[in-house]
Each structure stands twice: as C-alpha cells, then as structure tokens.
Amino acid sequence: WIRAVIGLASQRLTLSFHLQFTEEKLGQAEKTELDAHLENLLCRAECTKQNTERIMKQTEVLLQPNPNVRIEEFLYEKLEKKVPTRMNNHEVLGLSMIESGSEFGPGTAYGNALIKCGETEKQIGGAEREFIQSSAINFLTPFRNFLEGDFKTILKERKLLQVKRLDLDAAKTRLKKARVPDARAVAEQDLRMTQSEFDRQAEITRLLLEGVSSTHAHHLRCLTDFVEAQTTYYAQSYQYMVDLQKQLGSFPSTFSSNNNQSSSSSGGASISVPTIPLSASMLSPSPGLGLSGFHELRNSSGSRKARVLYDYDAAGSSELSLLADEVIMVSSVPGMDSDWLMGERGTQKGKVPITYLELLN
C-alpha cells in the first residue's frame with residue numbers, strides 16, 4: 001500500500017513537471033527567471049565553448065591541412081592506438097632533393113646545391129614536427145580538456161538546474177490551484193522543498209560557471225605557449241634558410257645569372273625578398289691572386305696555372321669540362337668575354353668560367 005501511494009505521488013509529480021514544461025512553451029504558465037548574474041555567467045560559458053571549438057578547429061587545420069590525415073589521426077586517437085609516423089611536406093621535399101643531388105653527383109655544383117637544400121628542408125621539417133607536437137600538448141589538449149571535462153559538467157548541472165526550476169514552478173502552480181486547507185498545506189511544503197532544492201542547485205551551477213574565469217586565465221597561458229612555439233619554429237626556419245643562402249652564395253654567380261635576367265626582363269610585378277649581402281670573398285678565392293690576377297692575365301699574352309674550385313660541365317664543344325681541385329693552364333684570348341678564359345688540359349682545350357678558378361702563384 002505504501003509503495004502504491006509513493007508510486008502514485010511520483011507519477012503525479014512527473015505529470016505536473018511535463019505539464020509545466022508544456023504550458024511554458026505555450027505561454028500559459030509563469031516561469032521563474034534566473035537572476036541576471038547567473039544568466040550572464042551562462043551566456044559567457046556558452047560563448048567560451050563556441051569560441052574554443054572554433055579556435056581548436058582552425059588550429060588543427062593549421063597544424064595538419066590534410067583533412068583525410070586529420071580524420072585518420074582522430075580515429076587512431078579514439079581507438080587509443082599510436083599514430084603511424086609519416087614525413088611532412090618539408091621532409092619529403094628534402095629527401096627528393098637529396099636523392100636528386102646524389103644522382104647528379106655530390107661533386108657537381110648543382111648536385112651539391114641540391115643536397116644542401118634538401119638537408120635544410122629536412123631541418124625545417126624537423127622544426128615543424130617539434131612545433132606541431134608542442135602545440136598539440138600545450139595548446140590543443142587544454143582546450144579539448146575544457147570541452148570534454150569542465151564544460152560537460154557545466155551542461156549537466158545546468159540541465160539539473162532546469163529540472164529544479166520546472167519542479168519549483170510546478171509546485172507554485174499546485175499551490176495556486178489548491179483550495180482545501182490540507183491540500184494547501186501539502187502544496188506549501190512542496191514549494192518550500194522545491195525552492196530549497198532550486199536555490200542549492202543554482203548555487204552549485206553559479207560556482208561552476210564562475211570557474212570559467214580561471215579557464216580563461218589558463219587558456220591565456222596556453223596561448224602564450226602557442227605563440228612562443230610559433231616564434232621558435234619560424235626563427236629556426238629563418239636561421240636555417242639564412243645559413244643555406246650563405247652556402248649557396250659561395251657558389252659561382254653564373255648559377256643565378258639566368259634567373260636574375262629572366263626575372264628582370266619579365267616585366268611582371270616583383271617581390272622583395274630579404275637577402276643576405278654577399279661579400280666579394282664569397283665569390284672569389286682568397287688564397288690565390290684574386291680578381292686582380294685575372295685582370296693582369298687578360299692584359300698579357302702569357303698563360304698561368306689555375307686550380308679548379310668546382311666541377312663544371314661544358315655546355316658546348318667550345319667549352320672545357322672541369323673537375324674540382326685539378327690544375328689546368330689558362331690564358332686570355334683577344335675578343336673573349338671577360339668572364340671566360342681559355343683553359344688547357346693536356347691536348348684538351350676550351351673556354352672556362354673564371355669564377356670556377358683560382359690563379360696560382
């Protein structure tokens with residue numbers, strides 16, 4: 001009998017709960033409004049959730065632009081399996097350059113330059129990998145923990161607050177409809193109980209919502225870490241490229257002359273790129289006689305010994321191929337371009353670029 005009475009009372013409360021909800025939707029029942037402070041806290045929490053999701057999504061796109069790879073990594077994470085290691089774009093490009101340079105020959109200027117570029121691209125790829133790992137741990141993980149932890153707790157308590165509010169308003173409605181003194185006494189007791197439960201749940205929800213302020217402070221620290229990781233990554237990449245530019249600057253200037261001429265004659269819009277100033281010592285050998293020696297040789301009819309600085313592949317039958325560190329005889333021929341000399345190796349003869357040579361005493 002007691003169980004039957006309790007079950008009947010529970011059914012009546014559930015019925016009044018749903019009736020209150022329906023009448024509110026239809027505008028036929030009064031609704032207890034939350035205080036303005038609590039409403040503002042709820043709005044701020046929802047705003048924090050939406051913007052955290054948006055920032056996370058765009059950060060993930062930045063760190064991994066390929067959507068298929070992002071889906072694959074998500075599935076591995078859900079299955080709690082280790083994501084297979086794969087090379088990033090810089091590392092793939094670096095490997096391709098190194099393999100191509102090895103095929104051309106590390107002893108050739110072009111092959112050597114390709115290998116140096118490839119090694120630099122791999123260094124940048126390593127720096128990018130460290131940046132992605134640091135950003136995932138120090139930036140994305142705290143954001144994800146908020147969405148999957150703190151905010152889910154807030155949602156749970158907010159939903160419970162909504163239930164308590166509906167119970168409170170349903171109790172108010174029952175009190176208004178009660179006519180018999182005994183019924184009114186029961187309704188008043190229900191109202192006091194539901195009011196107490198609502199107030200307690202409102203306080204719990206308020207405390208959780210006020211904790212969003214500390215979440216903002218924590219996310220600010222995470223943002224600072226993210227900026228520092230970006231700064232380190234870009235600084236490392238810039239330094240790697242500066243070092244590479246210096247190394248390429250030590251190669252003969254004839255390698256870049258065609259590109260410079262085509263870019264200057266194209267007539268299109270030019271792009272200003274920071275460059276590292278190259279001193280004359282990078283383009284001419286210091287141990288030999290330098291440019292003045294070539295000038296004296298061109299003004300004389302004699303020949304001189306010269307050491308070859310870099311491999312050179314002849315572009316035609318009128319030129320002489322060279323091997324690094326070999327010694328040849330060079331002389332000037334009237335009417336020849338000032339950037340060239342006539343080279344001799346035994347019975348072989350042909351034009352050679354002076355930027356590949358070091359005159360010997």
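Two residues are said to be in contact when heavy atoms of theirs lie within 4.5 Å. In this predicted model, alanine 171 touches Asp190, Leu191 and Thr194 by that rule, when residues up to four places away in sequence are not counted. Alanine 171 has its place in helix H5, and with a relative accessible area of 0% it is buried, because buried means under 20%. A related view comes from the backbone, where the C-alpha atoms of alanine 171 and arginine 192 are 8.9 Å apart in space, although the two residues are 21 residues apart in sequence.

From this one residue we can step back to the whole chain. The protein chain has 10 helices and 5 strands, and of its 361 residues 30% count as buried. Its exposed surface comes to about 23,000 Å², and carbon and sulfur atoms supply 56% of that area. Among the contacts in the chain with a separation of 6 or more, 68% are accounted for by residues 24 or more positions apart.

Since the model is predicted, the confidence of each part deserves attention before the details are read. The mean pLDDT of the protein chain is 81, and 80% of the residues reach 70 or more. Confidence is highest in helix H2 (residues 36–63), at a mean of 95, and lowest in helix H9 (residues 280–283), at 37. Over residues 253–290 the pLDDT is below 50, and this stretch has 27 contacts in the model beyond near neighbours in sequence.

The charged side chains offer a further way through the helices. Side chains of opposite charge can pair when their charged atoms come close. With a salt bridge taken as a side-chain nitrogen of Lys or Arg within 4 Å of a carboxyl oxygen of Asp or Glu, the count comes to 11 salt bridges. One of them joins the side chains of arginine 144 and glutamate 60, at 3.1 Å from N to O. Arginine 144 lies in helix H5 and glutamate 60 in helix H2, so this pair ties together parts that are 84 residues apart in sequence. Glutamate 60 counts as partly exposed, at 28% relative accessibility.

Helix H5 also takes part in a salt bridge between lysine 164 and glutamate 197, whose side chains meet at 3.4 Å, N to O. Because lysine 164 belongs to helix H5 and glutamate 197 to helix H6 (residues 181–210), the pair ties together parts that are 33 residues apart in sequence. At 23% relative accessibility, glutamate 197 counts as partly exposed.

Within helix H6 itself, glutamate 210 forms a salt bridge with arginine 206, and the closest N and O atoms of the pair are 2.6 Å apart. These two residues are 4 residues apart in helix H6, which means that about one helical turn separates them. Both ends are described in similar terms, for glutamate 210 is partly exposed at 30% relative accessibility, and arginine 206 is partly exposed with a relative accessible area of 22%. Salt bridges that share partners join Glu203, Arg206 and Glu210 into one network.

The strands come later along the chain, and three of them can be followed through their pairing. Strand S1 (residues 303–308) pairs with strand S2 (residues 327–331) in the antiparallel sense over 5 bridges, while S2 and strand S3 (residues 340–345) pair in the antiparallel sense over 3 bridges. Methionine 329 of S2 stands opposite lysine 305, and in S3 the bridge partner of methionine 329 is glutamate 344.

Two further places complete the walk. Glycine 107 is found in the loop between helix H4 (89–104) and helix H5 (109–177), and at 44% relative accessibility it counts as partly exposed. The C-alpha atoms of glycine 107 and leucine 323 are separated by 8.3 Å, although the two residues are 216 residues apart along the chain. Elsewhere, Ile71, Phe74 and Leu75 make a nonpolar surface patch of about 300 Å². Isoleucine 71 lies in helix H3 (residues 67–78), and at 51% relative accessibility it counts as exposed, because the term applies to values over 50%.

Definitions and conventions: Residues are numbered from 1 along each chain as its sequence is written. Side-chain values use heavy atoms; hydrogens and water are left out. Patches are made of residues with over 30% relative accessible area and no salt bridge: like charges are joined within 9 Å, nonpolar side chains (Val, Leu, Ile, Met, Phe, Trp, Tyr) within 5 Å. Accessible areas come from the Shrake-Rupley method with a 1.4 Å probe; for residues, only the protein chains shown count as cover. Buried means under 20% relative accessible area, exposed over 50%, partly exposed in between (1.4 Å probe, protein chains only). Two strands pair if DSSP finds at least two bridges between them. pLDDT is the predictor's confidence in each residue, from 0 to 100.
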